[in-house]
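Student: I am new to this structure. Please pick one part of it and go through that part closely, step by step.

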Amino acid sequence: MRSQPDHSELSKALASLRLGVDASDLHGSLTGFFCAGGRASIEDWLDVLALDPDSGSLARNGTLQQFFRNCRTQFDGTAAQIVPLLPAPGAALAQRADALVEWCRGFLGGFGLAGTATRVALSADASEILADFGKIAASRFDYSDGAEDEHALIEVFDFARNGAALLHREIAAGARVAARSLH
């Protein structure tokens, strides 16, 4: 299987397709949607995320298809392996930090589109994680100390990765409990 398109490759594909969404935002949206238990197929995921593609050719784009498959694969198995899609480590700190803000915005949007809040009661910890994602999504970073700022970005990145995985575990467990109670 081909690996996940990197930030640059996905950005180029999105720009050429004029989809009007940033690579990190799109990854966050699809990740948040799947994390919250949303279901989509390779044919309808752009519509499900309310991206309103102009034509079916977008869904058949090889980069977008691989992107979808790899995003979906993050949630296969017992433990989600979520890694926010950001520009390469060599990119400017401001670019990577802004991309993480976009990823969190996308994550919250995708999470909301899945409608989890109406199906599963979230724990206080899960609610706090979502609130913290909201704070990150509303952030505007100030850069004054390169090494300290780099360390802070790594901490926020790790929080986003681990927080999303915790949300997925909790929602998946809640869905299993709800399914058992229906039978």
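**Helix α1 and its surroundings**

Tutor: Directly after helix α1, Arg18 has a positive phi of about 55 degrees. The model is a predicted one. Most residues other than glycine have a negative phi. Arg18 is not a glycine, yet its phi is positive. Arg18 sits in the loop between α1 and α2. Its relative accessible area is 75%, so Arg18 is exposed.

The loop between α3 (45–48) and α4 holds another such residue, Ala50. Ala50 is not a glycine either, and its phi is positive, about 60 degrees. With a relative accessible area of 57%, Ala50 counts as exposed because the cut-off is over 50%.

Now to the helix itself. At the N-terminal end of α1, Asp6 acts as a cap: one of its side-chain oxygens is 3.2 Å from the backbone nitrogen of Ser8. Within α1, the buried residues are His7, Leu10, Ala13 and Leu14. Viewed down the axis of α1, the buried residues fall within an arc of 135 degrees, so they line one face of the helix. Lys12, Ala15 and Ser16 are exposed on the other side of α1. The cover over the buried residues of α1 includes α2, α4 (62–73) and α5 (93–113).

Of these, take α2 next. Two packed helices are described by the angle between their axes and the distance between the axes. Helix α1 covers residues 7–17 and helix α2 residues 23–35; the two pack at an angle of about 100 degrees, and their axes are 9 Å apart. Angles of 65 to 115 degrees count as roughly perpendicular, so α1 is roughly perpendicular to α2. On the α1 side, the contact is made by His7, Leu10, Ser11 and Leu14; on the α2 side, by Ala23, Ser24 and Leu26. Sorted by class, this contact of α1 with α2 has four nonpolar residues, three polar ones and no charged ones.

One of the contact residues, Ser24, belongs to helix α2. Its relative accessibility is 0%, so Ser24 counts as buried. A polar atom of the Ser24 side chain is 2.6 Å from the backbone oxygen of Leu85. Leaving out residues up to four places away in sequence, Ser24 touches His7, Leu85, Leu86, Pro87, Ala99, Glu102 and Trp103.

Helix α5 also belongs to the cover over α1, and Phe111 is a residue of α5. Phe111 has 8% relative accessibility and therefore counts as buried. Along the chain, Phe111 and Leu30 are 81 residues apart, while their C-alpha atoms are separated by 8.4 Å. Not counting neighbours within four places in sequence, Phe111 is in contact with Gly32, Phe33, Ala36, Thr116, Leu122, Leu130, Leu167 and Ile171.

Last, the setting of this part in the whole chain. The chain has seven helices and zero strands, and along the sequence the pattern is α-α-α-α-α-α-α. Among its 183 residues, 42% count as buried. Of the contacts between residues at least 6 apart in sequence, 72% join residues at least 24 apart.

Definitions and conventions
Residues numbered from 1 in each chain as written. Predicted model: local features only at pLDDT ≥ 70, side-chain atom pairs only at ≥ 80, totals over all residues. Heavy atoms only, no water. Axes fitted to C-alpha atoms, helices over the stretch in contact; angles between N-to-C directions. Helix = DSSP H or I, 4+ residues; strand = E, 2+ residues; numbered from the N terminus. Parallel < 35°, antiparallel > 145°, perpendicular 65-115°, else oblique. Contact = heavy atoms within 4.5 Å. Nonpolar A, V, L, I, M, F, W, Y, C, P; charged D, E, K, R; others polar. Buried < 20%, exposed > 50% of the residue type's maximum accessible area, 1.4 Å probe, protein only. Arc of directions from axis to C-beta. Polar contact = N/O pair within 3.5 Å; in protein donor to acceptor, adjacent residues only side chain to side chain.
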